[in-house]
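Student: I have just opened this model and would like to go through it with you. Please start with the charged side chains and work outward from there.

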Amino acid sequence: MKRTLNFASRNIKELIRDPLSSIFALVLPLFLLWIFQQFKIPNEAYIISNFTPGIIVFGFSFITMFTAVLVSKDRSSSLLLRLSASPMKSYEYVLGYFLSSMPIVVIQIVLFILLAMILGLNFSVNLLLALLVGVVVSLLFIAFGILLGSLVGDKSAPGVASVIVQLVAFTSGMWFSSDMVGGFFATLCNALPFKYCVDILKGIINGNYDNILLAFIVFFAYLIVVTLLSVIFFNKSLKSDKK
Amino acid sequence: MIKTVNLCKNFKDKKAVIDLNLEIKKGELFSLLGVNGAGKTTTIKMLSTLSNPSSGDIFIKGENLKENPNKIKRIMNLSPQETAIAPNLTVKENLLFMAGVYQIKDKTLKVNKLLNTFKLEEIQNKKAGILSGGQKRKLSIALALTNDPEILFLDEPTLGLDVLSRRELWKTIEELKGKTTIILTTHYLEEAESLSDRIGIMVNGKLSSVGTAKELIALSGEKDFENAFVKIATGGEL
Ligand SMILES: Nc1ncnc2c1ncn2[C@@H]1O[C@H](COP(=O)(O)OP(=O)(O)OP(=O)(O)O)[C@@H](O)[C@H]1O
Ligand SMILES: [Mg+2]
């Protein structure tokens, strides 16, 4: 465990020293949250208790991006290769990558909710619950990052990861409900996990648990599968260097 | 301390290391020489668990490396040919990180000692990514000493170092001699000649000759080590 924490604290330093990461992960979602509340758009999606969950999940998509870039850079810089001659075990790496994004995730959720409260979101215990559940939801985005970082090189990692950012923006229902479009696009939204992530947080913040069970089931199914895949492919990428 | 038995490494159809049989004693400083592509790095990678042999066995302290890698990983370390460091961490943070990887008890003490030994104090708060090539290499070697390894692999440790730094490193290596078993590769023949207890010369993946510098000179019938190396490395056809 100590070795995992040691690795995680190194990862945190790598992450926060890239100023772009804080701009994307914090400033951009905060800006979007603020600006769209100024427009007073007469649509359910933009009511602050509905829009904030979308912003939180949108912020998480950048966690995917940074994790993917970090993992792929570590692989290409041969730091991981060197560490594989040390007593570090492969689960310690994966756990270390998971842990290293936790502080950023907590800061994200707290800041987004605080701004939402300034903009009119009512305080309730639900918001504290949202912080906890939000951390759980973020695990999926970290796992996606480790998976992508294990699959692609450091040159293409940002590009491939930005696809996730786009997918979150368009399929999570944060800007518009997928019911409005229908057809293939609606099917895509329902097949991907991002909509369910937003639904979970919406349910929690609004204290409305009607659709939350289905959302949780889909979310956890994705979480388990993507985490497993990320561990498998990360290990594989370590081993392929040894061939 | 280290023993290899018919160690081979193939990359697709390229045979990088062929039937390597080598024995290195405890506390010995052993240099691997050979022209570019002779198989030195490949050998070091296999010995340090970075690369799996295609066939053959490696025994370290009597244990088969394949069967018990984790026990051996704790007592060895390496400085790879391509310097592997964490670029966004400072010099000092890199050392502290590596000390954490090896679970060193008194991290700060150890790190300060290494900063001092490698004259890295002045740049200790600089990010490793922006260091010069030679500074990176010094850091990479310092990292390899964080766990006071019993076995140390140095792949071209003096590559890119200025004359002063190279002398400093020789001194550091001299001090480790006897306690630490060191396997290093280099293209500087005078370095190998003056530092090593024994030298092995690899030619096209095969270990062609092994011995002290004097023995190799005698074996080749040449008058100095450089000529002896050229003769052995070219198969005596020059
Ligand atoms: N990952 C790899 N894939 C394919 N071939 C490889 C790989 N690594 C090494 N080789 C080949 O194996 C041979 C030995 O390479 P190696 O790096 O061990 O040489 P070396 O003696 O360290 O050379 P140098 O002095 O240039 O560092 C070379 O022909 C090289 O092209
Ligand atoms: Mg080499």
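**Salt bridges, metal site, helices and a patch**

Student: Does B:Asp57 count as buried, partly exposed or exposed?
Tutor: Buried means under 20% relative accessible area, exposed means over 50%, and partly exposed lies in between, using a 1.4 Å probe and protein chains only. B:Asp57 has 23% relative accessibility, so this residue counts as partly exposed.

Student: Before we go on, what kind of model is this?
Tutor: Residues are numbered from 1 along each chain as its sequence is written, while chains are lettered from A and ligands numbered from 1 in the order in which they are written. Side-chain values use heavy atoms, leaving out hydrogens and water; local features need pLDDT of at least 70, side-chain atom pairs count only at pLDDT 80 or more, and totals for chains, interfaces and linings use all residues, since this is a predicted model.

Student: Which residue forms a salt bridge with B:Asp57?
Tutor: Side chains of opposite charge can pair when their charged atoms come close. A salt bridge here is a side-chain nitrogen of Lys or Arg within 4 Å of a carboxyl oxygen of Asp or Glu. The partner is exposed, with a relative accessible area of 60%. At 3.2 Å between the closest N and O atoms, that partner of B:Asp57 is B:Lys66.

Student: How far apart are the closest N and O atoms of B:Lys231 and B:Glu222?
Tutor: B:Lys231 is partly exposed at 31%, and B:Glu222 is partly exposed at 28%. They form a salt bridge, and the distance between their closest N and O atoms is 3.9 Å.

Student: Which residues do salt bridges with shared partners join into one network?
Tutor: A:Arg10 and A:Glu14 form a salt bridge with closest N and O atoms 3.2 Å apart. Both lie in helix α1 of chain A, four residues apart, about one turn of the helix; helices here are DSSP runs (H or I, at least four residues), and strands are runs of E of at least two, numbered from the N terminus. A:Arg10 is buried at 1%, as is A:Glu14 at 7%. Sharing partners, the network consists of A:Arg10, A:Glu14 and A:Asp74.

Student: Which residues are the protein donors of the magnesium ion (ligand 2)?
Tutor: Donors are N, O and S atoms within 2.8 Å of the metal (3.2 Å for Na, K and Ca); water is not among the atoms, so sites may look incomplete. The donor atoms, OG1 and OE1, lie 1.8 to 2.1 Å from the ion and belong to B:Thr41 and B:Gln81.

Student: Where does helix α2(A) bend?
Tutor: The expected span of a helix is 1.5 Å times one less than its number of residues. For the 20 residues of α2(A) that gives 28 Å, and the end C-alpha atoms are 27 Å apart, which agrees. A bend is the angle between axes fitted to the seven residues ending at a residue and the seven starting there. In α2(A) the bend is about 30°, with A:Pro29 following within four residues, and its place is A:Val27.

Student: Which residue marks the bend in α5(A)?
Tutor: The 29 residues of α5(A) should span 42 Å, and the end C-alpha atoms are 44 Å apart, which agrees. The helix bends by about 30°, and A:Pro103 follows within four residues of the bend, at A:Met102.
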